[in-house]
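Biologist: Could you take me through one part of this model in close detail? I would like to hear about the helix packing, along with the rings and cysteines that go with it.

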Amino acid sequence: MNTGSSGAARRHTTRDGFEVLDECHRETLVALETLNDLVARLQAEGDSDDVRAMAGRVVQFFSTTAREHHEDEERHVFPKVLAGADPDTVQTVLRLQQDHSWLEEDWLELSSHLKALAAGHSMWDVDFLREASEVFTALSHDHMALEESCIYPQARARLRAGERHEMGREMAARRRARRGART
């Protein structure tokens, strides 16, 4: 067994996959707050460079990180929970999978207005942004609360520490590959 310093450094920097998922939920809360702040500022002050920059950050987060997060749950979390799950848990996972579809649908509608705003175009509607962001925010909050209270604890219990770290490595590798493709 190689116990060299590079192996030790890798072991210490590899995070449990649930740490990555939990961190993404915290980032999602910040992005949702930014979304709601930008709508409030847009209603109060109108379009500005700051509001356009906020829209760009929100678009970037929900078009990449949030989508990857849902993919991670579908790949790593839900299958573990479904293995040997009781009927109530199966229904909860099915609901969360449906939420992913609804969140994506809501996001596609919302993002077209935010992209226009971020680009400085006038093809956005503040009333639509307000209503759509309220729906998107409420569904996101409900979705994360259900995952954190019900599904994540079950998945954590079913995955061994090594599996959780491998999950973290796989998620990190995909994110690095995406960042490398953008540059």
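Modeller: Happy to! Let me start with the cysteines, for which we need one cut-off: a disulfide is a pair of cysteine sulfur atoms within 2.5 Å. Please keep in mind that this is a predicted model. By that cut-off, the structure holds zero disulfides. Cys24 takes part in none, and the nearest cysteine sulfur to it, that of Cys150, is 19 Å away. Looking from the other end, the closest cysteine sulfur to that of Cys150 is in Cys24, and at 19 Å it is too far for a bond. Their surroundings can be described too: Cys24 has 4% relative accessibility and therefore counts as buried, while Cys150, at 22%, counts as partly exposed.

Now to the helices. Two packed helices are described by the angle between their axes and the distance between the axes. Let us take H2 with H5 to begin. H2 covers residues 17–45 and H5 covers residues 126–158. The two pack at an angle of about 165°, and their axes are 10 Å apart. Because of that angle, H2 is roughly antiparallel to H5. The crossing in which H2 passes H5 is left-handed. Sorted by class, the residues of this contact are 13 nonpolar, eight polar and five charged.

An aromatic pair belongs to these two helices as well. The count of aromatic pairs comes to five. One of them joins Phe18 and Tyr152 edge-to-face, with 5.7 Å from centre to centre and 65° between the planes. Phe18 lies in H2 and Tyr152 in H5, so this pair ties together parts that are 134 residues apart in sequence. Both Phe18 and Tyr152 are buried.

A further pair is formed by Phe62 and Phe136: the ring centres are 5.0 Å apart and the planes stand at 80°, so this pair is edge-to-face. Phe62 sits in helix H3 and Phe136 in helix H5, which makes a link between distant parts of the chain, 74 residues apart. Where do these two side chains stand, buried or exposed? Phe62 has a relative accessibility of 5% and so counts as buried. Phe136 is buried too, with a relative accessible area of 3%. Ring pairs also take in Phe61 and Trp107, joining them with Phe62 and Phe136 into a cluster.

From Phe62 we can move on to its helix, H3. H3 spans residues 49–82 and H4 spans residues 87–118; they pack at an angle of about 165°, with 10 Å between their axes. That makes H3 roughly antiparallel to H4. H3 crosses H4 in a left-handed way. By class, their contact has 17 nonpolar, six polar and six charged residues.

The last pairing to look at is H2 with H4. Here the axes come within 13 Å and cross at roughly 60°. At that angle, H2 is oblique to H4. The crossing of H2 past H4 is left-handed.

To draw this together: H2 runs roughly antiparallel to H5, H3 runs roughly antiparallel to H4, and H2 lies oblique to H4. The Phe18 and Tyr152 pair ties H2 to H5, the Phe62 and Phe136 pair links H3 with H5, and the structure holds zero disulfides.

Technical notes:
Residues are numbered from 1 along each chain as its sequence is written. This is a predicted model: local features need pLDDT of at least 70, side-chain atom pairs count only at pLDDT 80 or more; totals for chains, interfaces and linings use all residues. Side-chain values use heavy atoms; hydrogens and water are left out. Axes are lines fitted to C-alpha atoms, for helices over the stretch in contact, and angles run from 0 to 180 degrees between N-to-C directions. Helices (H or I, at least four residues) and strands (E, at least two) are DSSP runs, numbered from the N terminus. Angles under 35 degrees count as roughly parallel, over 145 as roughly antiparallel, 65 to 115 as roughly perpendicular and the rest as oblique. A crossing is left-handed if the near helix is turned anticlockwise from the far one by less than a right angle, and right-handed if clockwise. Ala, Val, Leu, Ile, Met, Phe, Trp, Tyr, Cys and Pro count as nonpolar, Asp, Glu, Lys and Arg as charged, and the others, Gly among them, as polar. Rings of Phe, Tyr and Trp (its six-membered ring) pair if their centres lie within 6.5 Å; planes under 30 degrees apart count as stacked, over 60 as edge-to-face and the rest as tilted. Buried means under 20% relative accessible area, exposed over 50%, partly exposed in between (1.4 Å probe, protein chains only).
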